[in-house]
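Got the model open in your viewer? Here's a walk through it, one selection at a time.

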Amino acid sequence: MQLTAMIKVMDLLYQEYLIPMVIFDEEDTPLYPKMNISTSLFNNQTDSKVTLFKKSDYLFATFNIKNINGPTYHFLLGPCGITGTTATTYKMRKEIFYSNIHYAKETVGNFISFLELIYPIMTGDILLQSDITRHDASVPNDPISDTTSFVQNLYERRVKGTTLDAYQMELHYIECIKKKQPEKIKYLLKKLAENREENLSTNEIESLKLKFAALTAILTRISIEQGVPINQAFSLSDTLIQGLASVHSFEAWIEHVQIATNSFIGIQEEATKISQSPLIKKIINHIDDHLYEKVTLDTLASVTNKNKAYLSTQFKKETGLTIHQYIQTKKIEEAKHLLLFTEQQLFEISALLSFASQSHFIKVFKQITGTTPKEYRSKHFNTI
């Protein structure tokens, strides 16, 4: 995953959970956020994927993010206060963290659940409980993590059998996504539903939501690997996770998983219609990321460090469109959303999308859609 994408994920999750995260380069220099701290405070010699440890009344976790043909990052999660403790500040070098301002207090179980969410997002890999090494024996026994609960949870899994986070089923599900096999996924979800109790507790529903968020992170990475523009993939991910607010039952959760499945398969199928070389993928990602700016051939030549004539030839060869045609098409697609989902006036939309003038915007819109922006809004507004 690109560093910019990691930073976006960190910001979104920090706003929601208030658990600090810091990403470091291989020299242990903080890349984001810029803070006077170091992972050397928490170095360990274990070979496990993740190390979880307690320092005073606080929880931390560390792991590495290895990118193919890219840099390795070090990731620090914490400080996170422990529920029931009285400490309200944590000082690390020159940085001071204040309770309920910079960090939240959670049970060990909730902290591990968050760890199980963030790990696959950042690494694209699945995290099992056996992958976590507790570096400090003083990590308190938590109702979720003590021996009795562990044995009970293990019993439940063995009795009920199929769960979406069961390793083999998850692999099967992801493989179906990659191969774009919605009917097989429908069968998997039906089988999952047959093995669940009808009435789940609030905690179980919240646990399913966390698992959905982790699953969505994996699907987002798969989609990007399949050629879906980064912003488009993360926009779908954001929308689906926000939709969890209306999920209050297992049936609603299953339906939401099905929606996510269809949506991710849909954007992957759209992306594979264009055979994208790394160069064309880079151009498309840049255009998608700068729709609200004026994107020119000169800009793209600078971004890709390629000759303008070569870019034009290769883009037309692979997509069937000129770069100018593609930019206009994507801007008009964005304009459709603004017309239907905002109250922006035509001159405002025209300016936002960097058209030369309102009349030019209307002309291009009609060329591509066969109707004017005003007619489009009037015709479709009542159908959303």
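Start by selecting helix H9 (residues 278-289) together with helix H11 (residues 308-319): their axes are 10 Å apart and the two pack at an angle of about 95 degrees. Keep in mind that you're looking at a predicted model. With that angle falling between 65 and 115 degrees, H9 and H11 are therefore roughly perpendicular to each other. Now show side chains. On the H9 side, pick Leu279, Ile280, Ile283 and Ile284. What they meet in H11 is Tyr310, Leu311, Gln314, Phe315, Glu318 and Thr319. Colour that contact by class and you get 7 nonpolar, 2 polar and 1 charged residues. If you wonder about the spacing along the helices, an α-helix has 3.6 residues a turn, so residues three or four places apart point the same way.

**Zoom out for a moment**

Show the whole chain as a cartoon. How many helices and strands does the chain have? There are 15 helices and 9 strands. Of the 384 residues in the chain, buried ones make up 44%. Now think about contacts between residues at least 6 apart in sequence: 63% of these join residues at least 24 apart.

**A second helix pair**

Next, select helix H1 (residues 3-17) and H2, whose axes come within 11 Å and cross at roughly 165 degrees. Are they roughly parallel or roughly antiparallel? An angle over 145 degrees counts as antiparallel, and H1 and H2 are therefore roughly antiparallel to each other. Their crossing is right-handed. Bring up the side chains here too: H1 contributes Met6, Val9, Met10, Leu13 and Tyr17, while H2 brings Phe114, Leu117, Ile118, Ile121 and Met122. By class, this contact of H1 with H2 comes out as 10 nonpolar, no polar and no charged residues.

Stay on H2 and hide H1. H2 covers residues 108-123, which is 16 residues, and it reaches 22 Å from its first C-alpha to its last. That is close to the 22 Å expected at 1.5 Å a residue. Turn on a surface for everything else and see how H2 sits: 13 of its 16 residues are buried, so H2 is largely enclosed by the rest of the structure.

**Off the end of H2**

Step just past H2 to Gly124, which takes a positive phi of about 75 degrees. From Gly124, measure across to Ala217: the two are 93 residues apart in sequence, yet 7.8 Å apart in space, C-alpha to C-alpha. Ala217 lies in helix H6 (residues 202-225). Is Ala217 buried or exposed? With under 20% as the cut-off, Ala217 counts as buried at 7% relative accessibility.

Carry on along the loop between H2 and strand E9 (132-134), and you'll find Asp131. Asp131 is buried, with a relative accessible area of 15%. Leaving out residues up to four places away in sequence, what does Asp131 touch? Select Ser48, Lys49, Val50 and Ile126 to see these contacts.

While H6 is fresh in your mind, go to the loop between H6 and helix H7 (230-242) and click on Gln226. Gln226 is partly exposed, with a relative accessible area of 28%. Draw a distance from Gln226 to Lys178: C-alpha to C-alpha they are 8.3 Å apart, with their positions 48 residues apart in sequence.

**Backbone oddities**

Last stop: some backbone angles. Most residues other than glycine have a negative phi, and most peptide bonds are trans. Here are some places to compare with that.

- Leu18 has a phi near 55 degrees, a positive value in a residue other than glycine. Look for Leu18 in the loop between H1 and strand E1 (21-24); Leu18 is partly exposed, with a relative accessible area of 21%.
- Asp28 isn't a glycine either, but its phi is positive, at about 65 degrees. Find Asp28 in the loop between E1 and E2.
- Tyr32 and Pro33 are joined by a cis peptide bond, with omega about -15 degrees. Pro33 is in the loop between strand E2 (30-32) and strand E3 (50-55).
- Gly78 and Pro79 are joined by a cis peptide bond too, with omega about 10 degrees. Pro79 is in strand E5 (residues 72-82).

Definitions and conventions
Residues numbered from 1 in each chain as written. Predicted model: local features only at pLDDT ≥ 70, side-chain atom pairs only at ≥ 80, totals over all residues. Heavy atoms only, no water. Helix = DSSP H or I, 4+ residues; strand = E, 2+ residues; numbered from the N terminus. Expected span 1.5 Å × (residues − 1). Buried < 20%, exposed > 50% of the residue type's maximum accessible area, 1.4 Å probe, protein only. Axes fitted to C-alpha atoms, helices over the stretch in contact; angles between N-to-C directions. Parallel < 35°, antiparallel > 145°, perpendicular 65-115°, else oblique. Left-handed = near helix turned anticlockwise from the far one by under 90°. Contact = heavy atoms within 4.5 Å. Nonpolar A, V, L, I, M, F, W, Y, C, P; charged D, E, K, R; others polar.
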